[in-house]
Every structure is written in C-alpha cells, then in structure tokens.
Amino acid sequence: MPAILITGASSGIGAALAFAYAESGTTLYLGGRDAERLNKVAVACRGDGAAVETAVLDVTDRDAMAAWVRDCDASTPLTLAIANAGVSAGTGGAGEGAAQARHVFAVNVDGTLNTLLPALDAMRPRQSGQ
C-alpha cells in the first residue's frame, strides 16, 4: 500500500499531486499552512478512495517536521516523500531585501531538507522509498 507524504499540499502543485495520487489503497499525508484549503484537498482525495491525514505545519520548523515525518512513517511506512512547499519573491523590486531572501531560502531550501532528511532516515534502513 503506497504511503505518500506531500508538503505544500493545500494549493497549487501540491494539491494537484495529492489529487493525482488519490486512489483506493493509497495513504496520503498532506501538509500545508492553510487548514481550510488543506481540508478541501483532503475531502476530495478521500472521495477518490485514499486514506488521508493532514497536518497544518511550517516546513521551516525542523523539529516539528521531523516529528511529523517520523509519525507518518510509523503509521504507514512512506514509499514517497515530496517536498513541494515553496514560496517566491517578487521580481527584484525595491521592496525586496535580505529578510525576504532569507524567508525564501528558509522555506524553499531548509524546508526541503526538513522534509527529506527525516524521510531518508526512515527509508534507508528498509532500503525502499523515494
């Protein structure tokens, strides 16, 4: 039974991935920042037969992400982890500065590592998963 973890699943590409993977026999662990939108995605995926668990979380929180990934894997061993959460900045206008650049990197780079490193720690011993 596939178990798939997706961050940034409350909208955009993350929601589209959740919809694409939703089917009977699949467990989806969906993470996102917007509880209402995340719930709508979960309801639709359940309608397609998937078992769905959601978590409202911030991918920049290393400890919270590690705990969530470990809990998901303990419930159903992950077969696929998709670190999809991301943000973008403007187009180089005067309003952009160091704080915005640090936020983009925190979400897009650190958030990816905060998702995938715990997933890899779970997958390596059983030599399976992506």
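**Exercise 1. Find the residues of helix α1 that are exposed, and those that are buried.**

*Solution.* Start with the exposed side: Gly12, Ile13 and Ala20 of α1 are exposed. Exposed means over 50% relative accessible area, buried under 20%, and partly exposed in between (1.4 Å probe, protein chains only). Helices (H or I, at least four residues) and strands (E, at least two) are DSSP runs, numbered from the N terminus. The structure is a predicted model: local features need pLDDT of at least 70, side-chain atom pairs count only at pLDDT 80 or more, and totals for chains, interfaces and linings use all residues. Residues are numbered from 1 along each chain as its sequence is written, and side-chain values use heavy atoms, with hydrogens and water left out.

Next, the buried residues. In α1 (residues 12-21) they are Gly14, Ala15 and Ala18. They lie on the same side of α1, because they cover an arc of only 95° around the axis. The arc is that of the directions from the helix axis to the C-beta atoms.

Last, the cover. It includes β1 (3-6), β2 (27-32) and α2 (35-47).

**Exercise 2. Describe the surroundings of Thr26.**

*Solution.* Locate Thr26 first: it lies in the loop between α1 and β2. Then check its accessibility. Thr26 has a relative accessible area of 3%, so it is buried. Now list its contacts (heavy atoms within 4.5 Å). Leaving aside neighbours within four places in sequence, Thr26 touches Met1, Pro2, Ile4, Tyr21, Ala50 and Ala51.

**Exercise 3. Do the same for Met65.**

*Solution.* Met65 sits in helix α3 (residues 62-75). Its relative accessibility is 0%, so Met65 counts as buried. With neighbours within four places in sequence left out, Met65 is in contact with Thr7, Leu57, Asp58, Val59, Asn114 and Thr115. Now take Gln100. Met65 and Gln100 are 35 residues apart in sequence, and their C-alpha atoms are 22 Å apart in space.

**Exercise 4. Explain why Cys45 and Cys72 form no disulfide.**

*Solution.* Begin with the count: the structure holds zero disulfides. A disulfide is a pair of cysteine sulfur atoms within 2.5 Å. Now look at Cys45. Its closest cysteine sulfur, in Cys72, is 14 Å away, so the distance is too far for a bond. Then check burial. Cys45 counts as buried because its relative accessibility is 0%. Cys72 also counts as buried, at 4% relative accessibility.
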